[in-house]
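Please look over the structure shown below, and then read the notes on its cysteines and its strand pairing that follow.

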Amino acid sequence: MNLCIFHFSQYYFEDRFDLVRFVKLVAAEGLFFFLRIGPYACAEWNFGGFPVWLRDIPGIEFRTDNEPYKAEMETFVTKIVDMMKAEKLYSWQGGPIILQQIENEYGNIQSKYGQAGKRYMQWAAQMALGLDTGIPWVMCRQTDAPEQILDTCNAFYCDGFEPNSYNKPKIWTEDWDGWYV
C-alpha cells in the first residue's frame, strides 16, 4: 500500500485494496454494509492497522488530542467518505452502506490520555458528524459517546449491554466466538 503524508497524501485503492469495488460487490449480493473506517483497526493487526510511516511524522502521538495525528486522521476519513459519496454507496444514495464507524474500541484506552483523550474522542465524533454522510456513526466500546453517535458493544459477552442513552439501539458490532490459536 503506497501512502504518503502531509498535504500531498496519496492513497492506493487498486487491485486487492479496491474498497469501492468491494462495497459494490456487497451491494450486488443484496447485502448491507457497515463501513468501519477507524482509522485504528484493532490490536490483532500490525501497528493497529495504521500505516507504519505515521510514526515518522514529527511530534505525532496516536489516538489523542494531537494536531499531527488529527490532521492525518481527518484526511484519511474524509477521503474514504468522499469516495463512498462519489460512487453513491450510501443508503440514501441507493447504496448498501447503512452504518459507519469512527475510531474503534477507544473507550478501552481513553483514560490513559486523561482530558486529552476525552477531547480527542469528542473531536473525532464532531469531525465525523461534520462530514454529513446522512447515516449513523458508531463508536464501538465508547460508553461516553456523544448523543449523536451510537455506542456499541464488541466483546464475548454483550447480552447485558445497554447503550448510553435510551434513544439509541442496542448494537453488537463483533460477535466473538473464540480467539486466535
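Is C140 buried or exposed? In this predicted model, C140 has a relative accessible area of 2% and is therefore buried. The notes below turn to the disulfide, then to the cysteines whose sulfur atoms lack a partner at bonding distance, and finally to the strands.

**The disulfide**
- The structure holds one disulfide, which links C153 to C158 with an S to S distance of 2.0 Å.
- The torsion about the S-S bond of C153 and C158 is about -80°, and the disulfide is therefore left-handed.
- Both ends of this bridge are buried, C153 with a relative accessible area of 10% and C158 with one of 8%.

**Cysteines too far apart for a bond**
- For C140, the closest cysteine sulfur belongs to C153 and lies 7.3 Å away, which is too far for a bond, given that a disulfide requires sulfur atoms within 2.5 Å.
- For C42, the closest cysteine sulfur is that of C140, and at 11 Å this separation is likewise too far for a bond.
- C42 has a relative accessibility of 13% and so counts as buried, because the cut-off for that class is under 20%.

**Strand pairing and the crossover**
- Strand 1, spanning residues 33-38, pairs with strand 2, spanning residues 97-102, in the parallel sense and over five bridges.
- Within this pairing, L35 stands opposite Q100 in strand 2.
- Together with helix 2, which covers residues 67-86, strand 1 and strand 2 form a β-α-β unit that is right-handed.

Terms used:
Residues numbered from 1 in each chain as written. Predicted model: local features only at pLDDT ≥ 70, side-chain atom pairs only at ≥ 80, totals over all residues. Heavy atoms only, no water. Pairing = 2+ DSSP bridges. Helix = DSSP H or I, 4+ residues; strand = E, 2+ residues; numbered from the N terminus. Right-handed = clockwise from strand over helix to strand, strands pointing away. Buried < 20%, exposed > 50% of the residue type's maximum accessible area, 1.4 Å probe, protein only.
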